[in-house]
Amino acid sequence: MTKNNRYQGVLFDLDGTLLDTANDLGAALNHVLEQHDMPKVPPEAFRPVASDGAKGLLELGFGDALTELDYEQLRQQFLRYYRENIAKHTCFYQGIAPLLTALNEHDIPWGVVTNKPIALTQKLLPHYPLFAHCAVTVGGDSLAQRKPHPAPLLYASEQLALPPEQCVYVGDALRDIQAGNDAKMATIVAQWGYIADTGVCRSWQADLLAEDPAQILAFIL
């Protein structure tokens with residue numbers, strides 16, 4: 001491991017940070033809407049909500065009608081379709097593959113801490129060979145707490161055998177930065193993610209607002 005760096009490990013959010021999963025999540029939403037004769041939601045509407053998972057997307061698509069329907073049934077329909085079509089349109093954000101490759105080359109361990117259910121996360125990651133190098137994976141239901149609680153990040157740093165202060169957490173939502181700050185990690189906002197207005201990020205108290213993944217490597221090395 002590179003010993004001269006202040007930061008020895010990097011943890012990432014998944015959806016909206018490493019992988020652009022919005023089109024597959026939006027397809028799942030529109031599938032459920034179609035089953036209930038509701039109008040589909042266009043990408044420009046569902047993309048900013050993609051990191052809010054099934055609940056946020058179903059609320060977006062069904063609106064007030066959601067109170068008159070069986071939410072759990074809709075959620076299961078959504079998850080079933082998403083599970084069966086999980087990697088049809090999902091891809092790395094530009095610059096992420098070179099960043100992960102560079103971390104590997106510098107022997108800097110990295111991992112994923114996401115609020116996505118761990119079963120879905122474990123189904124998605126093998127579609128992308130670079131995740132074979134992922135040192136730790138924590139899902140939204142791996143522990144009793146999930147982000148913005150710092151527990152998942154603290155658990156991940158333990159798995160890396162690193163103190164939190166030597167880790168960086170990268171995410172595209174306020175809950176990511178809150179969790180990282182409360183875990184005493186350095187925090188970086190992935191401004192290429194699902195952020196409707198990047199201007200709000202300045203109030204999140206992150207250590208870096210990154211417009212490009214290359215800035216993350218420069219921050220660490």
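In this predicted model, the side chains of glutamate 72 and arginine 75 form a salt bridge, with an N to O distance of 3.2 Å. Both residues belong to helix H4, which spans residues 71-84. They sit three residues apart, about one turn of the helix. Glutamate 72 is partly exposed, at 39% relative accessibility. Arginine 75 is also partly exposed, with a relative accessible area of 28%.

A salt bridge also joins glutamate 59 and lysine 55, at 2.6 Å from N to O. This pair lies in helix H3. The two residues are separated by about one helical turn because they are four residues apart in that helix. Glutamate 59 has a relative accessible area of 38% and is partly exposed. For lysine 55 the value is 48%. Lysine 55 therefore counts as partly exposed, since the exposed class begins over 50%.

Another salt bridge connects distant parts of the chain. Here the side chain of arginine 175 meets that of aspartate 52, at 3.6 Å from N to O. The partners are 123 residues apart. Arginine 175 is in helix H8 (residues 174-182). Aspartate 52 is in the loop between helix H2 (43-46) and helix H3 (53-62). Arginine 175 has a relative accessible area of 22%. It is therefore partly exposed rather than buried, as buried means under 20%. Aspartate 52 is partly exposed as well, at 42% relative accessibility.

Salt bridges also link Asp13, Lys147 and Asp176 in a network. In total, the structure holds seven salt bridges.

Key
Residues numbered from 1 in each chain as written. Predicted model: local features only at pLDDT ≥ 70, side-chain atom pairs only at ≥ 80, totals over all residues. Heavy atoms only, no water. Salt bridge = Lys/Arg side-chain N within 4 Å of Asp/Glu carboxyl O. Buried < 20%, exposed > 50% of the residue type's maximum accessible area, 1.4 Å probe, protein only.
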